[in-house]
Amino acid sequence: MDFTKPTIEYADLWPVLVVFGAALLGVLVEAFVPRPARYLSQLGITVVGLLVALGGTIGVGLGLDKLSGARGLIAAEGAFAIDGPSVLLWGLVLVCAVGGVLLFAERRLEGGVTVFAGQAAALPGTTAEREASTRGLEHTEVYPLLLFAVGGMMLFPAANDLLMLFVALEVLSLPLYLLCGLARRRRLLSQEAALKYFLLGAFSSGFFLYGLALVYGYAGTMEFAGIAAAVQGDADNHNLLLIGIGLMSVGLLFKVGAVPFHSWTPDVYQGAPTAVTGFMAAGTKIAAFGAFLRLFYVALGADRLSWQPMLWVVAILTMVVGAVVAVVQTDVKRMLAYSSIAHTGFLLTGLLGVQAADDLGKGEISSLTAVLFYLIGYGVAIVGSFALVTTVRDAGGEAGRFSAWVGLGKRSPLVAGTFAFFLLSMAGIPLTGGFIGKWAVFSVALSAGAWPVVAVAVASSIVAVFFYVRFILLMFFTEPGDQAAAAVTRPSPLTSGVVAVSAIATLVLGVVPGPVLDLVADAGSFIR
């Protein structure tokens with residue numbers, strides 16, 4: 001047999017390679033650069049690497065029309081699909097990552113150091129930990145860890161075969177497990193969150209890998225196109241396919257925080273450093289839903305009558321549990337965590353709106369367009385929300401309990417007003433990006449006949465409006481009790497810039513959504 005050398009389309013994959021290259025350079029910085037110079041070195045490498053990758057992503061996106069096929073190509077011997085949706089998701093992940101890096105680099109809120117532990121290996125409460133804190137040490141390894149996670153998030157929605165899908169899942173997950181356990185304050189809570197996330201994530205990855213093996217056994221191929229052909233050809237052992245879909249869904253539903261695989265979400269959101277929580281809440285959901293859409297639309301789209309009933313049930317449970325349990329929370333980060341679970345249900349509602357292109361009416365958007373727009377609106381709002389949470393503090397650090405936020409509107413009307421604006425967007429109030437996103441996903445699901453799911457979604461949205469508005473009333477119209485209320489610490493321009501850009505983006509998405517909707521629609525569909 002003649003040997004055929006593999007072909008790698010570096011010209012189209014280079015934004016991902018830049019991110020991984022910057023991460024490896026960050027590892028070398030940790031090994032060879034003196035400790036006092038590492039912070040600025042790592043920050044510069046990370047920001048420049050992300051901005052170069054973002055510029056490259058824009059270039060790749062503009063060049064898609066010149067490539068073969070439907071606005072894209074299958075690259076790296078079938079391992080990746082470089083098409084409009086994957087490039088759009090790359091850009092969105094990179095934008096959220098830039099915001100995350102700026103929050104990571106914030107030093108003013110902690111008195112000259114970052115929010116990350118000085119010496120993670122030191123046991124909480126020991127002399128080694130106190131010495132590390134006294135010396136002002138900080139872990140600059142968080143920057144290459146973030147870059148590795150970003151690289152995995154870029155690979156995940158572009159993966160075009162099952163093996164690469166699993167590799168990308170692990171590459172994005174492992175750095176996040178570490179980042180969640182590196183908080184400078186409340187270290188036991190942070191380490192508990194990291195351990196829970198790691199153990200449950202490992203179990204979910206095992207289910208995903210077992211399901212992957214079963215689907216491979218059914219189709220005889222790892223590539224999505226081959227799986228789609230086997231499904232359309234009605235290959236034998238259909239039960240093997242169904243079990244494989246169910247097991248792979250466990251891994252993906254865990255990553256997006258859907259019920260009943262959501263139990264890690266509130267604990268991890270609360271225990272992790274808030275900068276990590278904000279980055280993870282946006283980036284992980286964007287990447288995971290991108291992979292979810294490609295797997296279920298491209299590889300398994302012909303068998304959607306088999307998997308749609310399962311997702312109906314999961315979407316309904318996720319929206320109901322997320323909205324109802326959020327009502328009884330007394331901590332801001334846990335409230336946002338259960339809110340995130342409810343938003344996962346709304347996104348699954350949009351995913352259920354899949355229809356054939358011929359079934360779409362004139363001017364009607366596709367389910368892919370609706371979900372991608374929702375991810376944009378949710379991503380900017382959630383990053384801005386957690387950025388504001390970092391600024392409300394008391395003597396023990398960040399003040400997450402509701403009682404500390406009472407009367408914040410009188411003490412700091414700008415912070416409270418901006419936070420209220422983000423909450424109103426997540427509630428789906430008009431003139432915000434969240435309203436347009438919910439309208440989009442609800443309308444496509446309704447057009448596809450999933451009206452029971454839409455009915456539950458509307459009811460869950462009403463419940464969500466209740467706990468969002470209740471918190472706004474707490475900030476503006478409730479008098480502080482005997483407990484000392486928290487104050488707003490003035491952040492550096494890094495955090496302020498993230499909040500300002502997020503607020504402006506949320507407003508623009510709600511007032512003039514047309515250009516962004518057109519951009520998402522122009523991205524087209526997944527290449528097959």
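Glutamine 191 sits in helix α7 of this predicted model. Its relative accessible area is 27%. Glutamine 191 is therefore partly exposed, since the value falls between the limits of 20% for buried and 50% for exposed. Proline 124 lies 67 residues away from glutamine 191 along the chain. The C-alpha atoms of these two residues are separated by 9.7 Å.

Helix α7 spans residues 187-219. Phenylalanine 198 is also found in helix α7. This phenylalanine has a relative accessible area of 38% and is partly exposed. Phenylalanine 198 belongs to a nonpolar surface patch of about 670 Å². The other members of the patch are Leu174, Leu195, Leu199, Leu200, Phe203 and Phe207. Helix α7 gives the most to this patch, with 6 residues.

The analysis also covered open pockets. The largest pocket has a volume of about 830 Å³. Its lining is made by 33 residues. Leu88, Gly91, Leu92, Val95 and Leu519 lie nearest the centre of the pocket. Five helices each give two or more residues to this lining: α2 (35-62), α3 (84-104), α14 (367-389), α20 (493-511) and α21 (514-522). Helix α3 gives the most, with 10 residues. By residue class, the pocket lining divides into 22 nonpolar, 8 polar and 3 charged residues.

Enclosed space was examined as well. Rolling a probe the size of a water molecule over the atoms shows where empty space is left. The count comes to 3 cavities of 30 Å³ or more. The largest cavity holds about 60 Å³ of space. Lys255, Val256 and Gly257 are among the residues that line this cavity. Trp264, Thr265 and Tyr269 also take part in the lining. Met280, Ala281, Thr284 and Lys285 complete the list.

Three helices, α9 (238-256), α10 (264-271) and α11 (274-299), each supply at least two residues of the cavity lining. The largest share comes from α11, with 4 residues. The lining of the largest cavity comprises 5 nonpolar, 3 polar and 2 charged residues. Lys255 and Lys285 are the charged residues here, because Lys counts as charged.

Note on methods:
Residues numbered from 1 in each chain as written. Predicted model: local features only at pLDDT ≥ 70, side-chain atom pairs only at ≥ 80, totals over all residues. Heavy atoms only, no water. 1 Å grid on protein atoms, 1.4 Å probe; cavity = no way out; pocket = protein on both sides within 12 Å on 5 of 7 lines; lining within 4 Å. Points joined across faces, edges and corners; volume = space filled by probe spheres on them. Patch = residues over 30% accessible without salt bridge, like charges linked within 9 Å, V, L, I, M, F, W, Y side chains within 5 Å. Areas by Shrake-Rupley, 256 points an atom, 1.4 Å probe, with all protein chains shown as cover. Salt bridge = Lys/Arg side-chain N within 4 Å of Asp/Glu carboxyl O. Buried < 20%, exposed > 50% of the residue type's maximum accessible area, 1.4 Å probe, protein only.
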